[in-house]
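Please open the model in your viewer and keep a selection panel at hand, since this tour moves from one interface to another and says at each stop what to select.

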Amino acid sequence: MTETVDYVIDIEGMSKYYALGEDKISAVNKVSLKIPGGAFAAVCGPSGSGKSTLLNICGLLDTFDAGQYHLNKTNVGGLNETERTKIRRKEIGFIFQSYNLIPVMDVFDNVAYPLRLLGKDKLQIKAETAKILEKVGLTKFATRIPDQLSGGQRQRVAIARALVKRPTLVIADEPTANLDTKTAETIVALMKELGNQFSVTFLIATHDERMTRHCDKIYNITDGVLA
Amino acid sequence: MSTFLFALKNVLRNRRRSITTVLVAAIGCAALLISGGFALYTYAMLADNAARESGHITIADKRFFAEEEETPMQFGIDNPNDIIAVLEQDNRIEFVLPRLSFSGLLSNGDKSVIFAGTGANISAEIHVRGSFLQIEAGDINPGKDINSIAAITIGKDLARALKAHVGSRLTLLATTADGSMNAMDAVISAIVTTGWDEADRRLVLIDIEYAQRLLATDKVSALSVYLRDDRNVRGMQDDFLTLGSGNLMSKPWSEQAFYYASVKALYNRIFGLLGVIIALLVLFSVVNTLATSVAERTREIGTFRAIGSYPQEIVAQFVHEGMVIGIAGVFIGNVMAWGAAFLLPYLGLEMPPPPGRSIGYPLLISAPVLLYVAIDALIILLCCAAAWVASKKAANMPIMEALRHV
């Protein structure tokens with residue numbers, strides 16, 4: 001009897017090209033990738049290797065030119081921007097290297113924003129935001145604006161924002177690149193812990209060894225080709 | 001955070017730039033309100049002038065409005081007192097003044113000048129014309145004695161042409177209703193100015209009974225109806241169709257006030273063009289500010305898009321910011337315009353006489369609620385449109401391009 005595995009990310013022979021004058025540069029070349037639900041996976045590679053491009057495609061921020069991509073069993077290859085936005089809104093969280101918090105919103109509103117997009121009612125938003133802020137240890141910073149926080153605290157806010165809607169997949173692009181070693185360790189541990197708690201799949205682009213140490217699965221990519 | 005609070009916080013991000021934009025919107029709003037208010041005040045003044053001169057509604061023979069008379073009083077109204085008695089039963093009517101229009105020559109013995117005369121009830125005439133008939137000398141209503149010499153009021157330029165003054169004896173020469181010539185001695189009781197050069201050169205006001213005697217008629221040219229509430233003009237016009245023997249018709253003042261209509265048409269074009277220019281200035285200024293803001297926040301737009309905002313939701317957010325700028329601008333603009341409307345009467349500023357007039361008029365501006373509502377809505381709408389224009393492209397740019405924006 002064979003065990004059926006539910007893959008959150010199921011990519012087959014995906015390629016992505018960029019035009020450079022008359023030349024066509026391959027950023028991702030015939031990549032095949034299967035990541036099961038709840039995994040804490042990393043894509044590693046040097047700068048320009050295509051790891052960010054691969055992540056952006058996985059996060060439906062970018063499109064691809066060839067191959068197939070099933071996200072949570074949905075073929076997302078032929079979707080238009082509106083349909084991709086709808087999926088991102090509901091099922092994908094993002095953690096950026098530079099945090100990308102909204103400077104005029106306080107911590108609470110930054111974290112609550114994805115829930116507002118989902119049209120949840122005020123009480124629900126308040127409860128779920130408070131809960132995730134407690135998990136990331138920022139309850140007492142809820143009324144601060146991002147400028148009043150340290151780098152580590154900002155990344156915690158970004159993690160809370162990514163997870164507050166209980167997404168299927170979280171895309172994290174170099175989440176520890178701007179952090180010191182100690183803070184980076186804490187952030188990775190927090191991401192892993194919350195990933196396990198919420199059964200969320202993490203796909204992280206990194207070349208940070210502090211990060212990869214905690215990952216269940218590591219994919220190395222060079223010149224757009226997955227090793 | 002509510003959408004408006006978020007918009008307000010974004011507007012306050014770059015305070016100096018936002019204040020400048022709000023001030024542009026405020027000055028644009030105030031300029032539109034002040035110029036619109038000035039135009040409306042001018043229209044109201046001219047309308048009042050025209051209505052006082054002709055009456056709110058003029059009742060006359062149908063042919064009076066359409067044809068030239070072959071002989072004086074050919075289209076006059078017979079038995080005007082019967083019609084006046086009927087009209088005076090209507091409590092919407094304040095006055096019904098019979099008027100007799102005639103022309104002829106006014107002579108001092110050495111020189112004769114053409115005049116345009118009006119036979120009227122002089123005391124009522126003073127009442128309805130109010131400040132639009134300014135007495136330069138004498139007493140316009142010295143009382144009448146039908147058996148004594150006629151007292152006339154003449155325009156100041158007519159008096160100057162005849163070297164006449166109050167108390168001067170003159171002779172009126174006119175064609176009677178049956179086509180023969182008639183003359184009547186008269187004494188000047190008052191010299192007046194209407195503010196109109198052409199009228200002041202020709203004006204003769206005389207009691208209607210003397211005018212009827214001069215023209216040898218019992219008819220009057222027209223009946224001027226003055227209403228208690230001028231908003232009833234349109235509603236009442238048709239009520240007069242059954243008067244007389246069916247050959248009478250009524251016309252509201254607005255259909256006879258050609259000067260009012262031409263000034264209104266001219267001002268509408270001038271202030272309309274001015275309004276379009278001001279509106280475009282506001283639009284471009286707000287577009288410019290918000291385009292800078294959009295450029296600075298392109299990465300933020302990318303973040304919103306990544307998280308799951310649709311382009312139209314991002315555009316809506318910027319439109320709210322435009323609305324905040326518009327509301328702030330409108331508030332300040334309203335205070336400025338209302339302040340000007342409030343202060344101008346105390347400053348006593350005068351506009352120079354317009355073409356054809358000899359006296360200026362006070363520089364005042366009206367401040368009707370409807371004008372404020374319309375201009376406020378326009379400015380807010382322009383700011384929203386500017387925000388839409390400024391943000392549409394950025395909201396639809398590829399997400400990765402937006403996220404990489406520096």
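Buried area is the accessible area, taken with a 1.4 Å probe, that two parts lose on being put together, summed over both. In this predicted model, the area buried between chain B and chain A is about 2,000 Å², of which carbon and sulfur atoms give 60%. Select Met1(B), Ile307(B) and Tyr310(B), which together supply 31% of the area that chain B buries against chain A, more than any other three residues.

Widen the selection to the whole contact, where 19 residues of chain B meet 24 residues of chain A. Then show Glu313(B) and Arg89(A), whose side chains form a salt bridge at 2.4 Å, N to O; the count between the two chains is 2 salt bridges, and 10 residue pairs are in polar contact, both at pLDDT 80 or more. Colour by helix next: helix 11 (298-307) of chain B is among the helices that each supply at least two residues of the side touching chain A, and with 7 residues helix 11 of chain B gives the largest share of that side.

Now stay within chain B and select domain 1 (3-50 + 260-404) and domain 2 (78-220), whose C-alpha centres lie 52 Å apart. Their contact takes 7 residues from domain 1 of chain B and 9 residues from domain 2 of chain B, and the area buried between them is about 720 Å². Finish on Asn49(B), Arg357(B) and Ser358(B), which supply 57% of the area that domain 1 of chain B buries against domain 2 of chain B; across this interface the rule finds 0 salt bridges.

Definitions and conventions. Residues are numbered from 1 along each chain as its sequence is written. Chains are lettered from A and ligands numbered from 1 in the order in which they are written. This is a predicted model: local features need pLDDT of at least 70, side-chain atom pairs count only at pLDDT 80 or more; totals for chains, interfaces and linings use all residues. Side-chain values use heavy atoms; hydrogens and water are left out. Domain bounds come from an automatic or database domain assignment. Contact means heavy atoms within 4.5 Å. A salt bridge is a side-chain nitrogen of Lys or Arg within 4 Å of a carboxyl oxygen of Asp or Glu. A polar contact is a pair of N or O atoms within 3.5 Å; within protein, one must be able to donate a hydrogen and the other to accept it, and residues adjacent in sequence count only if both atoms are side-chain atoms. Helices (H or I, at least four residues) and strands (E, at least two) are DSSP runs, numbered from the N terminus.
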